[in-house]
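Visitor: I'm new to reading protein models, and I'd love a close look at a single part of this one. Could you pick a good place to start and walk me through it, step by step?

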Amino acid sequence: MVQLICKALVAIVVIIIAIKVSIILFLEIVLLAVFMGIISTKFFPKIKKSQELIKKESDQYVKVATENITGIREIHALGITNTVEKKVAIIIDKLFGHTEKIRKYERWYYGLNNLCYFIIQFVILFTAGKLFFDNQISLSVFLMIETYIWRIDEVIESLSDFGVNFNKVSVSLKRIGEILNNTLYQDQKYGNLNLDKVKGYIEFKDVKFKYNNDDNYTLNGLNLKIEPYKKVAIVGRSGNGKSTIFNLLLRYFDATAGIITIDNKNIVDLSYETLRNNISIIRQSPFLFNLSILDNFKLVKENVTLEEVRKYCKEAYIDDYIMSLPKGYNTVIGEGGINLSGGQKQRIAIARTLMLNTKIILFDEATSALDNESQEYIKKTIDSLVKNHTVIIVAHRLSTIIDADVIFVIDKGKLVLSGTHEELLNNCPTYKSLYKTLN
């Protein structure tokens, strides 16, 4: 930009001299600028559009490449290596196709630019020469025009390069600006209410929620009350809003209508610290970092000791296995915990949650993909947690929650009925049908 400004100042001086020497010279320079402007107007939008397509295909390539690396075992196991390679090849072809378009536009742009410039330059030099031979300008002025006309060339060349690069960079700046200026997502706002001792009493009051702007509500007037220090289960068919209840409790989303309270306080009014320090979730596929087992705990609580970590792991029935490893708690678990089985990851995730000591613990399909032995270990852990925590379970296997204190049956985003396993079998056809189908 600094170089461009300096060159532009020299060009302005040359133009001023050209006006004083001959109006014809000035008009020829203006004619050059007009032609350059027409050429730029024609090619810059095409370059910008192609750059947008390049960014889009580049994103797609990164997405597919990441998925393929993560799922490399499944790709080999399913024998779809060739299919995946073809898919990647198609994306690369599109990516380089758009790149080639930009190269073509640039070649035409610079070619026409240079052709236009050299023609006008010849005309300007011819005009200056004629003025000299007609004794209308001195030799010194003619030499000055001949020398400094190249300065205009430098300015035009710099403007051309700047225009091309600006159109490329502006696409990236726009994409970055969407995040920095927050035009894509709303800021997550929390209240200022801090609760010192959360009991874990939860209530949904006529809660409605939909993910999109259509008329289909995932939750449609949900009303339920969850007592503290209870083992509570939420059951229902897929797509009826079970996991959505957890998403709203954790405030990943806010209810479209209705109120959700914890200890009779609207969760919208609760501070970030109150919400995060009192609710934790254990998912079907918990995320573990590619660090040692101990470091995974220290990431959550920096000053935790090995003795404390072992205590939590014993409560989650995973300490014996970890201690049997050659490096014990210093064992690196691999990307996404790949060196551990599903049940082992679940129990480490539970131990990590125990360390947080949140009053409300959510289990989202936490045992659905586990073997019977792992399921039994986790069931024991859940039973011990109920003494001091509110435990809420979204279950796919109904056999794992038949001993729950209360089971809520959700259908079409509403509470159908609640009660114990035996009560629901006798009084709730929906639950009875689910039990026969999913058990």
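Guide: Happy to! Let's begin on the surface with a patch of positive charge, where helix α2 gives the largest share, three residues. The lysines that gather in this patch are Lys-42, Lys-46, Lys-49, Lys-101 and Lys-104. Two elements give two or more residues each to the patch, namely α2 (23–70) and α4 (81–133). Please keep in mind that you are looking at a predicted model. Take Lys-104 as an example: this residue sits in helix α4. Lys-104 has a relative accessibility of 38%, so it counts as partly exposed.

From the surface, let's turn to a strand that is covered. In strand β8 (residues 390–394), five of the five residues are buried. What about its two faces? Thr-390, Ile-392 and Val-394 are buried on one side, and Val-391 and Ile-393 are buried on the other, so both faces of β8 are covered.

Now look at the strands that pair with β8. Strand β3 (residues 231–235) runs parallel to β8, and four bridges join the two. One pair to find on your screen is Lys-231 with its bridge partner in β8, Val-391. Strand β7 (residues 360–364) also runs parallel to β8, this time with five bridges. Here you can look for Phe-363, which stands opposite Ile-393 of β8.

Lys-231 is worth a second look, as it takes part in a salt bridge too. Its partner is Asp-403, and the closest N and O atoms of the two are 2.9 Å apart. This pair links distant parts of the chain: Lys-231 belongs to strand β3, while Asp-403 is in the loop between β8 and β9 (406–411), 172 residues apart. The two ends of the pair are covered to unlike degrees. Lys-231 has a relative accessibility of 3%, so it counts as buried, whereas Asp-403, with a relative accessible area of 36%, is partly exposed. The cut-off for buried is under 20% relative accessible area.

Strand β7 brings us to another salt bridge. Arg-283 and Asp-364 form this one, with their closest N and O atoms 3.6 Å apart. Because Arg-283 lies in strand β6 (residues 279–283) and Asp-364 in strand β7, the pair ties together parts that are 81 residues apart in sequence. Once again you can compare the two ends: Asp-364 counts as buried at 10% relative accessibility, and Arg-283 counts as partly exposed at 30%.

A salt bridge can also sit within one helix. Glu-315 and Lys-311 form such a pair, and their closest N and O atoms are 3.2 Å apart. These residues are four apart in helix α9 (residues 306–315), so about one helical turn separates them. Both ends are partly exposed here, with a relative accessible area of 33% for Glu-315 and 45% for Lys-311. Altogether, the model has nine salt bridges.

Let's finish with some antiparallel strands. Strand β1 (residues 202–209) pairs with strand β4 (residues 257–262) over five bridges, in the antiparallel sense. Within this pairing, Lys-205 has Ile-259 of β4 as its bridge partner. Strand β4 is also joined by two bridges to strand β5 (residues 265–266), again antiparallel. There, Thr-261 has Asn-266 of β5 as its bridge partner. The hairpin of β4 and β5 has two residues between the strands, and Asp-263 takes a positive phi near 55° there.

Definitions and conventions:
Residues are numbered from 1 along each chain as its sequence is written. This is a predicted model: local features need pLDDT of at least 70, side-chain atom pairs count only at pLDDT 80 or more; totals for chains, interfaces and linings use all residues. Side-chain values use heavy atoms; hydrogens and water are left out. Patches are made of residues with over 30% relative accessible area and no salt bridge: like charges are joined within 9 Å, nonpolar side chains (Val, Leu, Ile, Met, Phe, Trp, Tyr) within 5 Å. Accessible areas come from the Shrake-Rupley method with a 1.4 Å probe; for residues, only the protein chains shown count as cover. A salt bridge is a side-chain nitrogen of Lys or Arg within 4 Å of a carboxyl oxygen of Asp or Glu. Lys and Arg count as positive and Asp and Glu as negative; His and the chain ends are not counted. The place of a charge is taken as NZ of Lys, CZ of Arg, CG of Asp or CD of Glu. Buried means under 20% relative accessible area, exposed over 50%, partly exposed in between (1.4 Å probe, protein chains only). Two strands pair if DSSP finds at least two bridges between them.
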